[in-house]
Protein chains: 2
Amino acid sequence: MTQTNDPATVQAVRTMFDIVEYVAERDGVTITEVATDLGYAKSTIHRHFSTLHELGYIVETPTGYQVGLRFLEVGHTARVRQRGHRMVKEKVENIAAETGERAQFIVEEHGEGVYIHRAFGERAVRTDPGIGSRIPLHATSAGKAILASMDEKRSAELIEAINFDPITEFTITDSEQLYDELEAIRERGYSFNRQENLNGLHAVGVAVSGPDGEVIGALSVSGPSHRMQGTWFEEELPKLLLGTANELELNIAHS
Amino acid sequence: MTQTNDPATVQAVRTMFDIVEYVAERDGVTITEVATDLGYAKSTIHRHFSTLHELGYIVETPTGYQVGLRFLEVGHTARVRQRGHRMVKEKVENIAAETGERAQFIVEEHGEGVYIHRAFGERAVRTDPGIGSRIPLHATSAGKAILASMDEKRSAELIEAINFDPITEFTITDSEQLYDELEAIRERGYSFNRQENLNGLHAVGVAVSGPDGEVIGALSVSGPSHRMQGTWFEEELPKLLLGTANELELNIAHS
DNA sequence: CATTCCGTTCCGCGATACCGAACAGTATTA
DNA sequence: TAATACTGTTCGGTATCGCGGAACGGAATG
């Protein structure tokens, strides 16, 4: 059914997450619906649902079955374990308030960027890539800042695995181009994203590193391209972010 | 191995969550550590970790294996699916700001209360039961408000399953006492918690219901018992919460 | 009453998850 | 340098158990 039948893995767990992820992206499903859509027998789905229900990872609602909040519980522990999470949260909120735009903090996991914090400023469009959602590293300012700031060996591994299919007409489409850009970012200290991931969206990002030099994540500010331009975009925002990242690094080092 | 071998459930999934929950409450573990502590063979843990790692639900860090942020991703979808989540979030923040104390929004799931939103006021002690963490329904103001406001049949089911072991010396210890209290809450419209869950902590809670009359969750404000007393605690806070809950219900009904 | 959804249960077979033990790195010890 | 003690890894062999399919029951719609 699912392709990669690596013999050294647990099939039942694969199918279970197959089911869970399907349920997660819907709003209330029935057993038969899942069975037919995913190509499992009804009894299989039923057995998995029984298990998941008993453990609290799936709940029954008036509109059907849904993923349970227990996922949030374990997911939250993963989130707060990120280094300096509270300080970072405050800084993100400050940046959003000062700039009026949207600010976020992204960490890398499994070759993708993951939203850990996010805050909206006054003028920010409240379009919603929620906490926990994932973005490509090579097509976002925070992602590129992280790649530029991390250990070269590891960064090369991640770049190796990147899917360079263009997302917009401005997306970086090959690794050479990306390496050049990362080099430039290392020299500057900050990164730009000009509609590389979403049309009409510009952003600037700065990496945050721990005392051992290892990158923790990256701050970024994003907004409509018509506002994100000129010296505000190219000088003032980078300066603000660099300063904030610096403060963060100091605070994290002393904690 | 694990006791409840309900034949209609998937064993491999049980062991998987057994492992995940163990990993979640630690900060970096090794395979052998998990194997010995949980009583599985090393190879079993290894196989599960391989599976989970490949799917992104467990990650390798310098300090060992940890639960991955992918749990946050699916957990977050469960969270934002809660009715009126954005409006509720704003209200919780408003309440925290106005009162200076800690405010939260709790929903019921699987017979427990789950934190969905939480905000700190100026004076609030920032002790941290994070988003997603669970509290007993019968020993918290929000929990009791929910129980009082929900369908009697369902509430009876939940009460049936409650473990009435005392948490503090003020905890409600039997169902009769609880039923009386719920009756009083229904008449008043709001609930109190006087050190029933945590010594030194008082709280007041009000349920929020949807247009169909079904309870969605409950708002509550909590703080040190020395501040939470007198007319402020017994009249002004309830009034504020009732007003907010009312607004919320109207907003949710019209959306 | 008939139809069509839903969830549930049962059973038999083949796949597979499990354990145990041997293997292989890596760091810390003598 | 060698030995120890940790890691994580791999490999079979066996009994388990997860799987599909079909038959059942229950609720809602016609």
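In the predicted model, the surface near DNA strand D draws on both protein chains: helix H3 (42-55) of chain A, together with helix H1 (11-24), helix H2 (31-38) and H3 of chain B, each supply at least two residues. The largest share of this surface, four residues, comes from H3(A). Of the 18 residues around DNA strand D, those that come nearest are Ser43(A) and Thr44(A) from one chain, and Gln11(B), Thr32(B) and His46(B) from the other. On the side of the nucleic acid, sugar and phosphate account for 64% of the atoms of DNA strand D that come within 4 Å of the protein. By class, the protein surface near the strand comprises ten polar, six nonpolar and two charged residues.

Several contacts with the phosphates of DNA strand D can be described atom by atom. In chain A, a backbone N or O atom of Ala41(A) lies 3.3 Å from a phosphate oxygen of the strand, whereas His48(A) places an N or O atom of its side chain 3.0 Å from a phosphate oxygen. In chain B, Thr32(B), which is also among the residues that come nearest to the strand, has a side-chain N or O atom 2.8 Å from a phosphate oxygen.

Turning to the aromatic residues, the structure holds 13 aromatic pairs over all chains. Phe17(A) and Tyr57(B) form a stacked pair, with 3.8 Å from centre to centre and 15° between the planes. Phe17(A) lies in helix H1 (residues 11-24) of chain A, and Tyr57(B) in the loop between helix H3 (42-55) and strand S1 (58-61) of chain B, so this pair joins two chains. Both Phe17(A) and Tyr57(B) are buried. These two residues belong to one aromatic cluster that is formed by Phe17, Tyr57 and Phe71 of chain A with Phe17, Tyr57 and Phe71 of chain B.

A further pair is found within chain B, where the ring centres of Phe49(B) and Tyr65(B) are 4.9 Å apart and the planes stand at 65°, so the arrangement is edge-to-face. Phe49(B) in helix H3 and Tyr65(B) in strand S2 (residues 64-67) are 16 residues apart, and their pairing links distant parts of the chain. Phe49(B) has a relative accessible area of 3% and is therefore buried, the cut-off being under 20%.

Aromatic rings also meet charged groups in both chains. The charged end of Arg194(A) sits over the ring of Phe192(A), at 4.8 Å from its centre, and in chain B the charged end of Arg194(B) sits over the ring of Phe192(B), at 4.8 Å from the ring centre.

Conventions:
Residues numbered from 1 in each chain as written. Chains lettered and ligands numbered in written order. Predicted model: local features only at pLDDT ≥ 70, side-chain atom pairs only at ≥ 80, totals over all residues. Heavy atoms only, no water. Phe/Tyr/Trp six-rings, centres within 6.5 Å; stacked < 30°, edge-to-face > 60°. Buried < 20%, exposed > 50% of the residue type's maximum accessible area, 1.4 Å probe, protein only. Lys NZ or Arg CZ within 6 Å of the ring centre and 35° of its normal. Near = heavy atom within 4 Å. Polar contact = N/O pair within 3.5 Å; in protein donor to acceptor, adjacent residues only side chain to side chain. Nonpolar A, V, L, I, M, F, W, Y, C, P; charged D, E, K, R; others polar.
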